[in-house]
Amino acid sequence: MAHEQVIAYTCQQVTTFFPGMEAAALERVIATHWDTAMARLQRCIDQVKMWPQGQFNHLNSSQYCQYLYFLSNTIWREDRSEEALGVATRLFLLNKALNGIDLFYEIDLPEVFFIGHSVGIVLAKATYGSHLVLYQNSTVGKNHGVAPVLGDGVILYPNSAIVGRCRIGDNTAVSQGTGVINRDTPGDCMVFAGTAGALAIKPSKRLLIADFFRL
């Protein structure tokens, strides 16, 4: 699909779900920031092993989810006008409606990340390292206003969470159903739910993010 068609497709979705903004203004803002957003998206796509390089498929829900994030975030980075923020807000809400993800446009995700399944993901304004992997129902959240710091190569498997005053070391994988709350991890490890709320941390035998990314 040509980029003009993708822009029109996105605008039609926005106006269907969230009417009230002039169509010409919506299209103008998106078109203005399109090239920058798509360059960011394409760099990310090209690093993901399962996705063909140099291609964007608007019917791939994970790619489209990441597209809506990059587009809204790029608009917010480059233009803080009321009109532009109105567009960024609508794109954020569209992503939430279509993909079930709570990913506000002000959140600073890394330039390379991968969303396996977006449904139920909730992300706070935390610090995110590169080559992040997120699966369904994973959460990164604040506790008493304190947000986690995630290193590079962090993987959140389904139903996992990182909350509060956490420093998550590089190449930490949080296993399914495990919550890391106000705890640090050393890196190069797998984290499992232990007994009585404790965590079991085991060294990784290999670099897990190599399964996801072209490193």
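## Exercises on a predicted model

The largest cavity is lined by Gly153, Ile155, Asn171, Thr172, Ala173, Cys189, Ser204, Arg206, Leu207, Leu208 and Ile209. A cavity here is a set of points on a 1 Å grid over the protein atoms alone where a 1.4 Å probe fits but cannot get out, and lining residues have an atom within 4 Å of a point. The model is predicted: local features need pLDDT of at least 70, side-chain atom pairs count only at pLDDT 80 or more, and totals for chains, interfaces and linings use all residues. Residues are numbered from 1 along each chain as its sequence is written, and side-chain values use heavy atoms, with hydrogens and water left out.

**Exercise 1.** Describe the volume and lining classes of the largest cavity.

*Solution.* Step 1: the structure holds 1 cavity of 30 Å³ or more. Step 2: the space in the largest cavity is about 40 Å³, a volume being the space filled by probe spheres set on the points, with grid points joined across faces, edges and corners. Step 3: the lining divides into 6 nonpolar, 4 polar and 1 charged residues. Ala, Val, Leu, Ile, Met, Phe, Trp, Tyr, Cys and Pro count as nonpolar, Asp, Glu, Lys and Arg as charged, and the others, Gly among them, as polar.

**Exercise 2.** Place the lining residues Ile155, Ala173 and Cys189 in their strand pairs.

*Solution.* Step 1: strands are DSSP runs (E, at least two residues; helices are H or I, at least four), numbered from the N terminus, and two strands pair if DSSP finds at least two bridges between them. Step 2: β6 (residues 155-156) pairs with β9 (residues 172-174) in the parallel sense over 2 bridges, and Ile155 stands opposite Ala173 in β9. Step 3: β11 (residues 189-193) runs antiparallel to β12 (residues 199-203), with 5 bridges, and Cys189 faces Pro203 in β12. Step 4: these strands belong to an open sheet of 6 strands, ordered β1-β3-β6-β9-β11-β12, with mixed pairing. β1 (113-115) and β12 stand at the edges with a single partner strand each, so one side of each has no neighbour in the sheet.

**Exercise 3.** Characterise the packing of helices α2 and α4.

*Solution.* Step 1: α2 (residues 23-47) and α4 (residues 82-99) pack at about 85°, with axes 10 Å apart; axes are lines fitted to C-alpha atoms over the stretch in contact, and angles run from 0 to 180 degrees between N-to-C directions. Step 2: α2 is therefore roughly perpendicular to α4, a term covering 65 to 115 degrees. Step 3: the contact (heavy atoms within 4.5 Å) involves Ala25, Leu26, Arg28, Val29 and Ile30 of α2 and Glu83, Ala84, Val87 and Leu91 of α4.

Technical notes. Angles under 35 degrees count as roughly parallel, over 145 as roughly antiparallel, 65 to 115 as roughly perpendicular and the rest as oblique. On a 1 Å grid over the protein atoms alone, a cavity is a set of points where a 1.4 Å probe fits but cannot get out, and a pocket is an open set with protein on both sides within 12 Å along at least five of seven lines; lining residues have an atom within 4 Å of a point.
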